[in-house]
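Thanks for making the time this morning. I would like to talk through the aromatic rings in our model, and then the charged groups that sit over some of them.

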Amino acid sequence: MNPRVVVANLVVSIKSFYRARSTMFFMIAFPIILILVFGALLMNQDNMSFDLCVQDLDHTDSTAQLVKTLEFHGKFNVIKIDPTINAAQYAKNNKANLVLMIPKGYEGSFLQRTVLNDPDASVTLTYLYDSSSMFVSMKMQILDSVFAGINQKMSGKPPFILSTETSILAKKYRFIEFFVPGIIAMSVMILSLFGTVNLNTELRQKGVIRKLSTTPITRTDWILSNILYQFILAVLSTMAMLLVSYVVFSVSLQINAWLPVFIVLDVFAFVGIGMILTRFAKEAESAAAAANAISFPMMFLSGSFFPLEMMPGFMQTVARLLPLYYVNEGLRASMVFDDHMTALRYSAIIGVFAAVVFILGIIATKWEEGL
């Protein structure tokens, strides 16, 4: 064994690893990102609390004590709703997946049960819930356990607190129908971002980009043809996902004009980001690593897989700054809830973002410099 040869070969391997930026990313940065993201999601899971909207129609000391019990034992962050507004409409407008309605006369029934010892005195609380939410059933189970504890302490049969469930949606949705639009948005993002990065860096390394400046094709023609290519791939991918979803899971999704609109905006937004990356990341490996650094956190933080409610408050704020979040929510508004006004609002937001980054991408594209 020759130690000098071993050391020399080791040095070459280390230098090769350092130059392979994408390898460095997946070996070092990517696992760290996953730890940070999922660590924040799962940190103190036993102490996880949920937002709970409560509409107190009785507004008495007894109901105030009930709300305190929910906050302490149920670990809810209670959001009080004005008794004069429509709770179902509030839930829809504010994307609240559960509203607990405490009826008028709660304190009267409570005193009748505790003071007059009337075993027939009871009160029925209403759960207004969004059946498409992943966590709404967990919330209702927590509420049921808290109310069961209250009933047990009152040691009365039949139970004092009863509950009834009312969906705020016209129809019942499954989580798969919430999940599919997010996967469509994420897939289009990956196709557009990595397709642009891979194509541009490959053509630049081969010297094709510089040669294009000597041909009759204009920069606008070339960029638009690439946009059309990415759009075709996105449409084919979306059709395949929808076909599998319908055949295998029998999903109930609305297919309307908003679907191609959001696909186009998704493509423009991430093609623009891809053009910017390949302008400043000179090596293919560096551009790929930068694309990974952008796309992977966005997958997990923008609500494609996990509802934002599961995330800590600061991560929810970060999520609402990400373009993929607005594509996700816009597609869900149009495909699941058939809410055209919400889809219009989200399309305007992602449209402005797409226009800005796409224009910056065009400005950054310099043929005479190889890109």
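In this predicted model, the structure holds eight aromatic pairs, and I will go through some of them in turn. The pair formed by W258 and F262 is tilted, with 5.9 Å from centre to centre and 40 degrees between the planes. Both of these residues belong to helix α10, which covers residues 258–280, and W258 and F262 are four residues apart there, about one turn of the helix.

Are these two rings buried or exposed? W258 has a relative accessible area of 17% and is therefore buried, since the cut-off for that term is under 20%, while F262, at 1% relative accessibility, counts as buried too.

Y325 and Y326 make an aromatic pair of the edge-to-face kind, with 4.9 Å centre to centre and 85 degrees between the planes. Here again both partners are buried, because Y325 comes out at 6% relative accessibility and Y326 at 15%.

Beyond the pairs I have just described, there is also a cluster to look at, in which Y106, F110 and F160 are linked by ring pairs.

Let me turn, finally, to the charged groups. Which ring does the charged end of R332 sit over? That ring belongs to F178, and the charged end of R332 is 3.9 Å from its centre. In the other case I want to show, the charged end of R345 sits over the ring of Y346, at 5.3 Å from the ring centre.

Notes:
Residues numbered from 1 in each chain as written. Predicted model: local features only at pLDDT ≥ 70, side-chain atom pairs only at ≥ 80, totals over all residues. Heavy atoms only, no water. Phe/Tyr/Trp six-rings, centres within 6.5 Å; stacked < 30°, edge-to-face > 60°. Helix = DSSP H or I, 4+ residues; strand = E, 2+ residues; numbered from the N terminus. Buried < 20%, exposed > 50% of the residue type's maximum accessible area, 1.4 Å probe, protein only. Lys NZ or Arg CZ within 6 Å of the ring centre and 35° of its normal.
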